[in-house]
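Student: I have a protein model open and would like to learn how to read its features one at a time. Could you walk me through it?

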Amino acid sequence: MLTNLHVKNIAIIDEADVDFGRHLNILTGETGAGKSILAGSIGIALGSRVSAEMIGRHGDYATVEMAFHIEDEETLEALRAMDIEPEEGQIVISRKITENRSINKINGESVAVSTIRKASALCLDIHGQHEHQSLMHKEYHMDVVDRFAGAKAAELRRQISDAYGEYNKLVHEMERENSTAEERARELSFLQYEKREIEDAKLAEGEEAALEEQVRKLSNASVIAETLGKVYDYTGDGMNGSAAAISQAFRQMASVSELDEKLEVMRNELMDIENLLSDFNREISDYMADFNFDESELRQMEERLNLIRSCQSKYGKTYDDIMDYLQEITAKIDKFSDYEQYMEACAERKARLEEKLDRLCGELTAVRKEAAAQLEKAITETLAELNFEKARFEVSVQPLEAYTQKGKDDVEFLVSTNPGEGLYPLGKVASGGELSRIMLAVKTVFADVDRIGTLIFDEIDVGISGRTAQKVSEKMSILGKEHQVICITHLPQIAAMADNHFVIEKVTSGGEVRTEIRALSDEESERELARMLGGAEITEAVLANAREMKRFANEGKERVRI
């Protein structure tokens, strides 16, 4: 859900801050008040190209910021897959426009404008500007049909994805191994050499660390021996040794210890020190007695260490890595040793996977065609209610030559709005208003399966009035049950359905004209409806008509949202 839109210094909008609500948000205002500028500002935030001419008169840059609160778990996971971590379910998309460049950020971190486009497409659809409409992109059509088809399609897609992954891996493996006998013989010889080298090394886990410690010790044997000799002299029983001094001190303390209890305690402490020092000297003596330096032994250890490191440089950084590599090349040797049998087994496995994929893809195609028929009927009926009485809508499901992770179908939405015209992709529909109403019909039918939380409609009321306008408002309200809908309109029938009503108006101050946006109370909303109904002069009769329209709209909302 789009919770906040902040616009600063865009054209005649000095600064605007709008907090949108749930369900249906309506924005109205007089012609020229800046509704198109607001729609353009949203497009800028979503990654549209923008010229320096859009920068307003207050400063040399413009900013647009949109804050979204995301509740759908799939959308959150898709954002995380893009390395965008929502903070307590919220992401903030911002763009700062200067004369020469734009600075794009998501949650305060700079990103490419392409990342903004991808992230915003997960959160918001804007209808009226082709580039931001998810349904304009053919690759999205299959996913929508499969969502509409429900759990059966989802399960088949999961099975197909698993089988296709296994199949694709096998095909690539067979292509890699499709070498000549001479090439296989060379590779087999090289693999056998590597295997012998690893096995002859007789590596042991933890051996490298133990050898490094021994080599370090033996390489410094003379230093160790000289140092321990000095330490023993300092702490031993010799003339200058501390053990002899401690022993004399102890005897002196013993001669007076019976005269005072505190002296007895100190005598005992000296005894402990004497014993500790004696143990320490005994350990030094034993270490020196056992410490033998053998230069040939050192050379053997160094050679062994060099062999281990040579294996590591060729086959893996650790013992486990080398053992994994040994297992891998052993399997390859077995494969090349009986290559024909290996390829036959691969071919049999490939045939089984193709048979499985054909069955699963066939089942999914049938599910898709069944869902397509239901969609065609529902959307065509909805289009007729929106003043496209002769319109045709088709979900084309055509076979592909090769398997894909999503099956073996090519799915595309086609539409014809006038009698005698052929069916065309949605993107070929001419006017923005026409396209917006088609999208409204499609979105209404897909309301329960569409994951995009916020839908924005601009230009949806171009060329319609009366009963058609009323139907458009009802479809908006249906969408508003499951989605946040934001609609810029000049029709009172649509505005009356608002759950949250905002007005865009020009304000003159200090000789300057600027655009402001503010939320309306219920009473203000009725007066705005009256303005839309009656023009400049708002009479009691027009106000009464506006209140009646609002009451009728509220009753309609209760009906469609049950």
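Tutor: Happy to! Let's start with strand pairing: two strands count as paired if DSSP finds at least two bridges between them. Keep in mind as we go that this is a predicted model.

Student: Good to know. How many bridges link strand S14 and strand S15, and in what sense do they pair?

Tutor: Strand S14 covers residues 500–509 and strand S15 covers residues 512–519; 8 bridges pair them in the antiparallel sense. To see one of these contacts, pick Val-503 and look across to Arg-518, its bridge partner in S15.

Student: What do S14 and S15 form, and how many residues lie between them?

Tutor: They make a hairpin with 2 residues between the strands. Have a look at Gly-510 in that turn, where phi is positive at about 60°.

Student: Now the sheet near the start of the sequence, please. In what order do its 6 strands run?

Tutor: Reading across the open sheet, you meet S2-S1-S4-S5-S6-S7, with antiparallel pairing. Strand S2 (13–19) and strand S7 (109–110) are the edge strands; each has a single partner strand, so one side of each has no neighbour in the sheet.

Student: Which pair inside the sheet could I practise on?

Tutor: Try strand S4 (residues 62–69) and strand S5 (residues 90–97), which run antiparallel and are joined by 8 bridges. One contact to find there is Ala-67, whose bridge partner in S5 is Val-92.

Student: Let's move to the surface. Which residues form the negative surface patch?

Tutor: For a patch like this, like charges are joined when they lie within 9 Å. Here the members are Glu-15, Asp-17, Asp-19 and Glu-65. S2 gives the most to this patch, with 3 residues.

Student: Is Asp-19 buried or exposed?

Tutor: Asp-19, which lies in strand S2, has a relative accessible area of 54%. Exposed means over 50%, so Asp-19 counts as exposed.

Student: And which residues make up the nonpolar patch on the surface?

Tutor: That one consists of Tyr-232, Tyr-287 and Met-288, which together have about 260 Å² of accessible area. Tyr-232 sits in helix H8 (residues 221–235) and is partly exposed, at 35% relative accessible area.

Student: Next, salt bridges. What is the general idea?

Tutor: Side chains of opposite charge can pair when their charged atoms come close. A search of the whole structure finds 34 salt bridges.

Student: Where in the chain do Lys-230 and Glu-226 lie?

Tutor: Both are in helix H8, 4 residues apart, which is about one turn of the helix. Their closest N and O atoms are 3.6 Å apart, and the two form a salt bridge. Lys-230 is partly exposed at 44% relative accessible area, while Glu-226 counts as exposed at 52%.

Student: What is the distance between the closest N and O atoms of Glu-354 and Lys-350?

Tutor: In that salt bridge the distance is 3.0 Å. Glu-354 and Lys-350 both belong to helix H13 (residues 339–385), again with a spacing of 4 residues, about one turn of the helix. Each is partly exposed: Glu-354 has a relative accessible area of 23%, and Lys-350 is at 24%.

Student: Are Glu-474 and Lys-471 buried or exposed?

Tutor: Both are buried. They form a salt bridge whose closest N and O atoms are 3.7 Å apart. Glu-474 and Lys-471 are 3 residues apart in helix H15 (residues 466–482), so about one helical turn separates them. Elsewhere, salt bridges that share partners join Asp-143, Asp-146, Arg-157, Arg-368, Lys-406 and Asp-409 into one network.

Student: One last topic: how should I read a positive phi?

Tutor: Most residues other than glycine have a negative phi, and most peptide bonds are trans. Asp-83 is not a glycine, yet its phi is positive at about 65°.

Student: Where is Asp-83 found?

Tutor: Look in the loop between helix H2 (73–81) and S5. Asp-83 is exposed there, with a relative accessible area of 74%.

Student: And what is the phi of Asn-107?

Tutor: Near 50°, which is a positive value in a residue other than glycine. You will find Asn-107 in the loop between strand S6 (102–106) and S7.

Conventions:
Residues numbered from 1 in each chain as written. Predicted model: local features only at pLDDT ≥ 70, side-chain atom pairs only at ≥ 80, totals over all residues. Heavy atoms only, no water. Patch = residues over 30% accessible without salt bridge, like charges linked within 9 Å, V, L, I, M, F, W, Y side chains within 5 Å. Areas by Shrake-Rupley, 256 points an atom, 1.4 Å probe, with all protein chains shown as cover. Salt bridge = Lys/Arg side-chain N within 4 Å of Asp/Glu carboxyl O. Lys, Arg positive; Asp, Glu negative; His and termini not counted. Charge placed at Lys NZ, Arg CZ, Asp CG, Glu CD. Buried < 20%, exposed > 50% of the residue type's maximum accessible area, 1.4 Å probe, protein only.
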